Amino acid sequence: EGLARLGVPHAVQDAFDVTGGAQCGFCTPGMLMSAWALLRRNASPTRDEISHALSGNLCRCTGYTKILDAVELAAKELRERGAAAAAAPGAAAGAKS
């Protein structure tokens with residue numbers, strides 16, 4: 001997806017990992033990019049806004065709950081790190097030391 005920077009996952013990627021939002025991988029790239037685009041324009045989306053933003057992607061594995069949870073978690077993380085992290089693809093949002 002091009003979201004990671006220097007091998008450090010973006011907050012959206014981390015959130016999908018933490019919540020189990022990425023299952024078989026079929027929908028993951030589209031979900032990640034749709035979530036990233038949403039969070040660039042709306043740092044605090046409602047669950048309905050997240051559902052609408054992801055509606056063009058079909059997940060064959062889950063009931064979408066973990067995916068919606070992942071986007072909510074990423075939004076929270078990005079808000080905590082500041083708007084600058086959401087503004088650029090590849091922003092180091094998941095750095096671990």
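This is a short talk on how helices 2, 3 and 4 pack, and on two residues found among them.

Okay, ground rules. What you see is a predicted model, where local features need pLDDT of at least 70 and side-chain atom pairs count only at pLDDT 80 or more, while totals for chains, interfaces and linings use all residues. Residues are numbered from 1 along each chain as its sequence is written, and side-chain values use heavy atoms, with hydrogens and water left out.

Helices here are DSSP runs of H or I, at least four residues, numbered from the N terminus. Axes are lines fitted to C-alpha atoms over the stretch in contact, and angles run from 0 to 180 degrees between N-to-C directions.

Let's take helix 2, residues 28-41, against helix 3. Their angle is about 130°, and the axes are 9 Å apart. That makes the pair oblique, meaning outside the ranges for roughly parallel (under 35 degrees), roughly antiparallel (over 145) and roughly perpendicular (65 to 115). The crossing is right-handed, so the near helix is turned clockwise from the far one by less than a right angle.

Who touches whom? From helix 2 we have Met31, Ser34, Ala35, Leu38 and Arg41, and they meet Glu49, Ile50, Ala53 and Leu54 of helix 3; contact means heavy atoms within 4.5 Å. By class, that's 6 nonpolar, 1 polar and 2 charged.

Next pair: helix 3, residues 47-54, and helix 4, residues 65-81. Here the angle is about 110° and the axes are 10 Å apart, so these two come out roughly perpendicular. This crossing is right-handed. Helix 3 brings Arg47, Ile50, Ser51 and Leu54, and helix 4 brings Thr65, Ile67, Leu68, Asp69, Val71 and Glu72. The split is 5 nonpolar, 2 polar and 3 charged.

Now, what sits in the loop between helix 3 and helix 4? One residue there is asparagine 57. Asparagine 57 is buried at 17% relative accessible area, where buried means under 20%, with a 1.4 Å probe and protein chains only. Its side chain makes a polar contact of 3.0 Å with the side chain of serine 34, a polar contact being a pair of N or O atoms within 3.5 Å, one able to donate a hydrogen and the other to accept it. Beyond its neighbours within four places in sequence, asparagine 57 touches Gly30, Met31, Ser34 and Tyr64.

Last one: leucine 39, in helix 2. Leucine 39 is buried too, at 4%. From leucine 39 to valine 71 is 32 residues in sequence, yet 8.4 Å in space, C-alpha to C-alpha.

Terms used. Ala, Val, Leu, Ile, Met, Phe, Trp, Tyr, Cys and Pro count as nonpolar, Asp, Glu, Lys and Arg as charged, and the others, Gly among them, as polar. Buried means under 20% relative accessible area, exposed over 50%, partly exposed in between (1.4 Å probe, protein chains only).
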